[in-house]
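Work through the exercises below with the structure open. Each task is followed by a solution in steps.

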Amino acid sequence: MVFRKPPDGGWGWVIVVVSFFTQFLCYGSPLAVGVLYLEWLDAFGEGKGKTAWVGSLANGIGLLASPVCSICVSSFGARPVAIFSGFMVAGGLMMSSFAPNIYFLYISYGIVVGLGCGLLYTATVTITCHYFDKRRGLALGLISTGSSVGLFIYAALQRELIDLYGLDGCLLIVGALSLNILACGSLMRPLESSDSPPPEKTCVDKVPDQYFVYHEKEKTVEENISILEKGYVDEKCANNMPDYKQDSILNKNVLSSINVNEKDISYKKKVVEQTNFCKQLAKRKWQLYLNYWEETVVLFKNRVFSALFVAILLFDIGGFPPSLLMEDVARSANINEDDYHMPLISIIGIMTAVGKLTLGILADFKWVNTLYLYVTTLLMTGVALFAIPFAKSYLTLAMLSGILGFLTGNWSIFPYVTTKTVGIEKLTHAYGILMFFAGLGNSLGPPIVGWFYDWTQEYDTAFYFSGFCVLLGGFLLLLAALPCWNACTNHSSKLPPNTYSYKVASSA
């Protein structure tokens, strides 16, 4: 498939709109799972750590499978993947309404819904990056606000639906709403070149070795036929039978023998051709796997990329639990429900939308170094997590929720940082690897915090641990990006296209 230069507009804005609503519909319930978390605690009577696995899987499994999601989008395109994933998300939510125990939810809500969300996230980010270059930061910021607006609306919507129809009715209605993803996915038209369509590949281009194998086998057939004819002539001369009838019978027998041999040779030739075709196909597939791992090794030789995967892992271990557990933190602090003016999860959601949009716009300014901007958000998130144990009122928890939500908006500039680090050519590959570690952090973070609570019967130790993880990731990434490393390295080797060295004076 041949791609045009990113138009930075046109149909790209339609892609932004449908990607926004896709993330709104698929991530609304999983991100606002904190409301469902309280209901599941009461319904199944399991521990906080065990119950937290449902929400952590829903938000982490899609990221864990990011390499597979990237391969699916690269192989089939964003539109087919989005439509298929819409069925997964809707079906998983509806199945969850019939869950008899917490283990059923692990599969229906955690794995099925989570994997569908991961496929949709990869599809929306990839196709948006194809349509935008100069305005990529703004475009990514706009589509990523869809999940945050979904969190804000679904937190209140799910609570209202639970009051009206119960937990089961809530999941059925939310699952039905998710079917609108199919309409959004159908509008994700790929960016193909209409002026110069790619030439169709011939059979020789697709499998060049098969062409040579065929002629080698054809030559072998001709040699075999000549050998048979030679054998017939020698046999006739040796016998030298003068009788006309015997000579006629011999001719018929030899001709029939040649015809039978030709059929056998033709059959064997087809078998050999098919066998060689399968061998060549297997070799090509194996070569693709080898190339994938070689490119992965090259990526990890990049110092900034290696620090980036550690930072995203630690950030998601520590930074994701508040969006899932903040409602239970308030209930554990014995805050009166009459003081609630707005659910804390809704505050996180709306401020995350503001943060994604604001940080996405900042990333498009040439004087802003996006890597240092991302590091700043990590360090500030760590400080905010350390402050949660000291919040004993709804007002302070609401303020911290807003701060954490705004800083979590750094997700909008993460694809931008990845693109600038490895280049647009390696974006799908690198982003899939990074999202795998992000999913690992998302999956482990809430259960770890829940286990800390089950062990100590309070959240203080858990959030100290979370803050330490995020601060550690931020400091490691800052250390890898320091300009002193550039002075120590040999500048004789040129950087790959679409990448840049992270210097203090460099532009984003």
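Two residues are in contact when heavy atoms of theirs lie within 4.5 Å. The coordinates are those of a predicted model.

**Exercise 1. The crossing of H2 and H13**

Task: Find which residues of H2 meet which residues of H13, and classify the angle between the two helices.

Solution:
- Locate the helices: H2 covers residues 33-44 and H13 covers residues 321-332.
- Take the axes, which come within 6 Å and cross at roughly 60°. Roughly parallel requires an angle under 35 degrees and roughly perpendicular one of 65 to 115, so H2 is oblique to H13.
- The crossing of H2 past H13 is right-handed.
- List the contact. From H2 come Val-33, Gly-34, Tyr-37, Leu-38, Leu-41 and Asp-42; from H13 come Leu-324, Leu-325, Glu-327, Asp-328 and Arg-331.
- Sort these residues by class: six are nonpolar, one is polar and four are charged.

**Exercise 2. H5 and its two partners**

Task: Determine how H5 is oriented to H7 and how H4 and H5 are oriented to each other.

Solution:
- Start with H5 (residues 78-96) and H7 (residues 136-177), whose axes are 7 Å apart at an angle of about 170°. Angles over 145 count as roughly antiparallel, so this is the relation of H5 to H7.
- In this contact, Ala-90, Leu-93, Met-94 and Ser-96 of H5 meet Leu-171, Leu-172, Val-174, Gly-175 and Ala-176 of H7. Seven of the residues are nonpolar, two are polar and none is charged.
- Turn to H4 (residues 66-76): its axis and that of H5 come within 7 Å and cross at roughly 125°. H4 and H5 are therefore oblique to each other.
- Here Cys-72, Val-73 and Phe-76 of H4 meet Ala-78, Pro-80 and Val-81 of H5. The classes are six nonpolar, no polar and no charged.

**Exercise 3. Two residues and their distant contacts**

Task: Decide whether Phe-463 is buried or exposed, then find what Phe-463 and Leu-379 touch beyond four places in sequence.

Solution:
- Phe-463 sits in helix H19 (residues 460-480). Its relative accessible area is 1%; buried means under 20%, so Phe-463 is buried.
- Outside its sequence neighbours, Phe-463 is in contact with Pro-322, Val-329, Leu-385, Ile-388 and Pro-389.
- For a sequence-distant pair, take Phe-463 and Gly-319: 144 residues separate them along the chain, and their C-alpha atoms are 9.4 Å apart.
- Leu-379 belongs to helix H15 (residues 370-387). Beyond four places in sequence, Leu-379 touches Leu-471, Gly-474 and Phe-475.
- Leu-379 and Val-470 lie 91 residues apart in sequence, with 7.0 Å between their C-alpha atoms.

**Exercise 4. A covered helix**

Task: State how many residues of H17 are buried and what follows this helix.

Solution:
- H17 spans residues 414-422, and eight of its nine residues are buried.
- These are Phe-414, Pro-415, Tyr-416, Val-417, Thr-418, Thr-419, Thr-421 and Val-422.
- After H17 comes Gly-423, with a positive phi near 100°.

**Exercise 5. The whole chain**

Task: Describe the protein chain by its helices and strands, burial, contacts and exposed area.

Solution:
- Count the elements: 20 helices and zero strands.
- Of the 508 residues, 49% are buried.
- Among contacts with a separation of 6 or more, 85% join residues 24 or more positions apart.
- The exposed area is about 24,500 Å², and 65% of it is supplied by carbon and sulfur atoms.

Definitions and conventions
Residues are numbered from 1 along each chain as its sequence is written. This is a predicted model: local features need pLDDT of at least 70, side-chain atom pairs count only at pLDDT 80 or more; totals for chains, interfaces and linings use all residues. Side-chain values use heavy atoms; hydrogens and water are left out. Helices (H or I, at least four residues) and strands (E, at least two) are DSSP runs, numbered from the N terminus. Buried means under 20% relative accessible area, exposed over 50%, partly exposed in between (1.4 Å probe, protein chains only). Accessible areas come from the Shrake-Rupley method with a 1.4 Å probe; for residues, only the protein chains shown count as cover. Axes are lines fitted to C-alpha atoms, for helices over the stretch in contact, and angles run from 0 to 180 degrees between N-to-C directions. A crossing is left-handed if the near helix is turned anticlockwise from the far one by less than a right angle, and right-handed if clockwise. Ala, Val, Leu, Ile, Met, Phe, Trp, Tyr, Cys and Pro count as nonpolar, Asp, Glu, Lys and Arg as charged, and the others, Gly among them, as polar.
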